[in-house]
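Q: I am new to this structure and would like to learn how to read it, feature by feature. Could you take me through it slowly, with the general idea before each case?

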Protein chains: 2
Amino acid sequence: MIEVFSTPPTDRYFEDYTPGATYVLGTFTMTEEDIVAFASAYDPQAMHTDRRVAAQGPFGSVIASGWHTVALTMRLLVDAFLPFDGLAAPGVDELRWSRPVRPGDTLTVRATVQAMRRSRSKPDRGLIHTLVEVIDRNGEVAMTMKPMNLIRVRHPEV
Amino acid sequence: MIEVFSTPPTDRYFEDYTPGATYVLGTFTMTEEDIVAFASAYDPQAMHTDRRVAAQGPFGSVIASGWHTVALTMRLLVDAFLPFDGLAAPGVDELRWSRPVRPGDTLTVRATVQAMRRSRSKPDRGLIHTLVEVIDRNGEVAMTMKPMNLIRVRHPEV
């Protein structure tokens, strides 16, 4: 079930998420220049930063740092899924990089709400567990992760 | 048990890791400028990017995107833990942001090898499960994660 939010991020609350619904958040494309720049700062392994070495490796080109794919996925979660005025997130489970991401790859991000519960100790918020999938042009899953997000409740008194 | 590697990253293999050992990888410090710049690109939530809004929020200042803390932690894993000529990693479990990271915070990263096993299908490599802890100046844990890493075996024939 593909869902679309009925409220903008500036007016989005716990009540606006639907358990079981899948939201399509958008796409991003990795360039070789971006891949090398991100990895040079944060993940300078030769498979991500050294075009010459990587060309002779198992993938035939540089591949993106998995954390770069996460960072661009997070950008779409902020732009198209989370409320504008967010709360700090407690964590992420089961992050998996199942396929390499190469320069020029265009990836689509979708988010499926797997579980929702109101906080017992803080009635103004609830916890949402989401399956985030990053899909390549062939429909193959390149990355998945399961973030938890604390989301404000619109009507805490209910 | 604090351990030190006996081999440099350019000559480091599966056999050089010790199950149960803890390696201290180094430290990093977050500046407000870096926090805002990283988050503006990848995680533009007001608590990370808007000094004025964040000053009035629950933390009293901007706090680092959790992914920024991960990225700088990854840098230390590459510089001081993983072999130089690494293999692609399958994933990470149980990423947790337990405390906010603020401008000026200096964080220490340590890595404890929790489990190691040789690959059955590919005898040239093994899988290492590591607990990575990011500790603040007061000795409190600000972040933890459990990466899995594929590491080449020095003597595949053994």
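The dialogue below goes from the sheet to a strand, then to two residues, and last to the two chains together.

Q: Before we begin, what kind of model is this?

A: This is a predicted model, and local features are described where pLDDT is at least 70.

Q: How should I read the sheet, and in which order do the strands lie?

A: Strands of a sheet pair through backbone hydrogen bonds, either parallel or antiparallel. Here an open sheet of ten strands, with antiparallel pairing, has the order S1(A)-S3(A)-S4(A)-S5(A)-S2(A)-S2(B)-S5(B)-S4(B)-S3(B)-S1(B). Its edge strands are S1 (22–29) of chain A and S1 (22–29) of chain B, each of which pairs on one side only. From one strand to the next, the twist averages 20 degrees.

Q: What packs on this sheet?

A: In chain A, helix H4 (residues 66–80) packs on the sheet, where H4(A) touches S1, S2, S3 (106–118), S4 and S5 of chain A, and the direction of H4(A) makes about 130 degrees with that of S1(A). In chain B, H4(B) packs on the sheet and touches S1, S2, S3 (106–118), S4 (125–135) and S5 (141–152) of that chain, with a direction about 130 degrees from that of S1(B).

Q: How are the neighbouring strands of chain A joined, and how many bridges does S3(A) share with S4(A)?

A: S3(A) and S4(A) run antiparallel and are joined by ten bridges, with A:Thr108 standing opposite A:Ile135 in S4(A). The two strands form a hairpin, with six residues between them. S4(A) also pairs with S5(A) in the antiparallel sense, over nine bridges, and there A:Glu133 stands opposite A:Thr144 in S5(A). S4(A) and S5(A) likewise form a hairpin, with five residues between them, and in its turn A:Gly139 has a positive phi of about 80 degrees. S5(A), residues 141–152, pairs in turn with S2(A) in the antiparallel sense over five bridges, and A:Asp93 stands opposite A:Lys146 in S5(A).

Q: How do I tell the two sides of a strand apart, and which residues of S4(A) lie on the covered face?

A: In a regular strand the side chains alternate between the two faces of the sheet. The covered face of S4(A) has A:Gly126, A:Ile128, A:Thr130, A:Val132 and A:Val134, while the uncovered face has A:Arg125, A:Leu127, A:His129, A:Leu131, A:Glu133 and A:Ile135.

Q: Let us take one residue from the uncovered face; what surrounds A:His129?

A: A:His129 lies in strand S4 (residues 125–135) of chain A. A:His129 counts as partly exposed because 16 other C-beta atoms lie within 10 Å, and a residue is called buried only at 20 or more and exposed at 12 or fewer. Apart from its neighbours within four places in sequence, A:His129 is in contact with A:Gln114, A:Ala115, A:Lys146 and A:Met148.

Q: Is A:Gln114 buried or exposed?

A: A:Gln114, found in strand S3 of chain A, is exposed, since 12 other C-beta atoms lie within 10 Å. Leaving aside neighbours within four places in sequence, A:Gln114 is in contact with A:His129, A:Thr130 and A:Leu131.

Q: How are the two chains related, and what rotation superposes chain B on chain A?

A: Two copies of a chain are related by a rotation about an axis and a shift along it. In this model a rotation of 180 degrees, with 0.0 Å of shift along its axis, superposes chain B on chain A with an RMSD of 0.0 Å, and that is the relation of a two-fold axis. Of the residues of chain B, B:Asp93 comes closest to the rotation axis, with its C-alpha at 2.6 Å.

Q: Where do the chains meet, and which element of chain B gives the largest share?

A: In this interface 27 residues of chain B are in contact with 27 residues of chain A. The elements of chain B that give two or more residues to this side are helix H2 (46–49), helix H4 (66–80) and strand S2 (91–97), and the largest share, eight residues, comes from H4(B). By class, this side of chain B has 17 nonpolar, four polar and six charged residues. Strand S2 (residues 91–97) of chain A and S2(B) run antiparallel and are joined by four bridges, and the bridge partner of A:Val92 in S2(B) is B:Leu95. The copies meet through the same surface, because 100% of the interface residues of chain B are also interface residues in chain A.

Terms used. Residues numbered from 1 in each chain as written. Chains lettered and ligands numbered in written order. Contact = placed C-beta atoms within 7 Å. Nonpolar A, V, L, I, M, F, W, Y, C, P; charged D, E, K, R; others polar. Pairing = 2+ DSSP bridges. Axes fitted to C-alpha atoms, helices over the stretch in contact; angles between N-to-C directions. Least-squares fit on C-alpha atoms with pLDDT ≥ 70 in both.
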